[in-house]
Amino acid sequence: MTAQEWFNRFAAALAALPEPERERAEAYYRELYSDKKEMGMSEGSILLSFGSPENAAAEILNNFTEDGGDERNGQTADSMPENNPLCSEENAERKDGILNMPRGKVIAAVCAAAAAVLLGGTALSVAGTLLLSELAMLFAAGTFCLGGAETLAMGVIALGGAVFCAMPFYYAIKYMAKGVIWVTKKIYDDVAREERA
Amino acid sequence: MDAQLKKGLLDVCVLAAIEQEESYGYKIIADLSPVIEISESTLYPILKRLEGAGALTTYSRAFNGRLRKYYLITGEGRRRLAEFKAAVPQMEKVMDFILRRKI
């Protein structure tokens with residue numbers, strides 16, 4: 001691993017931190033790197049002394065909150081599987097807010113609303129299709145019994161309308177099916193993640 | 001060493017390392033390493049915490065064409081250090097007791 005790679009991975013692992021905090025931590029390690037380099041240490045041995053970028057980042061994330069996080073200061077990053085930023089205390093706190101309900105539930109709620117709108121639209125679409133089909137049939141019967149270009153034209157327009165009304169129905173069904181698959185997957189992922197945590 | 005005990009000692013060690021003159025990350029680690037186990041990732045939160053508590057302040061100065069961050073002890077830092085030093089005789093008694101030496 002090169003120093004650049006180490007710092008890239010370090011920055012990526014600190015993505016959960018606010019920008020100034022991340023810059024501060026990076027500057028700290030960059031300064032140490034430069035100092036060690038100037039003392040004659042090789043890139044490899046410097047990076048070895050830093051340990052893995054993920055562990056170094058975990059130590060910083062752990063100590064980010066002044067209260068709570070600090071209490072675990074003495075422990076090493078390796079001995080703490082809960083170092084994962086996804087299940088740190090900050091995240092646990094964030095779950096309290098209404099905007100920060102577990103993601104799966106939010107997605108499910110939004111999708112339920114979208115599905116309701118789609119269902120309403122579908123009902124309208126079906127009703128329109130049926131009504132206009134019926135009209136088209138009436139005009140067809142009229143044309144057959146009475147003749148006349150006007151009745152035929154009206155029948156064709158009604159048929160066109162019926163097809164037009166059927167289109168949203170088709171798309172609604174299509175996207176609802178896609179949506180149901182997507183939501184199921186998201187909820188499944190969320191449950192799996194909560195179980196892991 | 002016990003994690004909590006080490007944590008308390010490291011705070012004082014860092015303050016002691018900058019008591020005489022300002023210092024920087026690499027030098028603090030180099031000065032403390034022979035005395036107590038300390039790594040880059042351990043030092044960072046200590047410096048941050050001590051700064052937050054007003055026990056030290058920082059400033060950046062150009063060095064070799066780059067910026068280096070220096071740590072300076074404050075009055076509060078000196079007070080903490082003096083407090084620790086004043087408690088040493090008491091701690092020695094405790095050590096004697098733990099090690100079952102004759103007082």
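Tutor: Buried area is the accessible area, with a 1.4 Å probe, that two parts lose on being put together, summed over both. Keep that in mind for this predicted model.

Student: What is the area buried between chain B and chain A?

Tutor: Contacts come from both sides: 25 residues of chain B touch 24 residues of chain A. Carbon and sulfur atoms give 49% of the buried area. The total is about 2200 Å².

Student: Which three residues of chain B supply more of its buried area against chain A than any other three?

Tutor: Together they supply 35% of what chain B buries against chain A. They are Tyr26(B), Glu40(B) and Tyr44(B).

Student: How many salt bridges are there between chain B and chain A?

Tutor: Take Glu38(A) and Arg66(B) as one example. Their closest N and O atoms are 3.0 Å apart, and the cut-off is 4 Å, so the pair qualifies. The count between the two chains is six.

Student: Which element gives the largest share of the side of chain B that touches chain A?

Tutor: Four elements of chain B give two or more residues each: α1, α2, α3 and β3. The largest share is 11 residues, and it comes from α3(B).

Student: Why does the ring pair of Trp6(A) and Tyr29(A) count as tilted?

Tutor: Tilted covers planes that are neither under 30 degrees apart nor over 60. The ring centres of Trp6(A) and Tyr29(A) lie 5.3 Å apart. Their planes stand at 40°, so the pair is tilted.

Student: Is Trp6(A) buried or exposed?

Tutor: Buried means under 20% relative accessible area. Trp6(A) has 0%, so Trp6(A) is buried.

Methods:
Residues numbered from 1 in each chain as written. Chains lettered and ligands numbered in written order. Predicted model: local features only at pLDDT ≥ 70, side-chain atom pairs only at ≥ 80, totals over all residues. Heavy atoms only, no water. Contact = heavy atoms within 4.5 Å. Salt bridge = Lys/Arg side-chain N within 4 Å of Asp/Glu carboxyl O. Phe/Tyr/Trp six-rings, centres within 6.5 Å; stacked < 30°, edge-to-face > 60°. Buried < 20%, exposed > 50% of the residue type's maximum accessible area, 1.4 Å probe, protein only.
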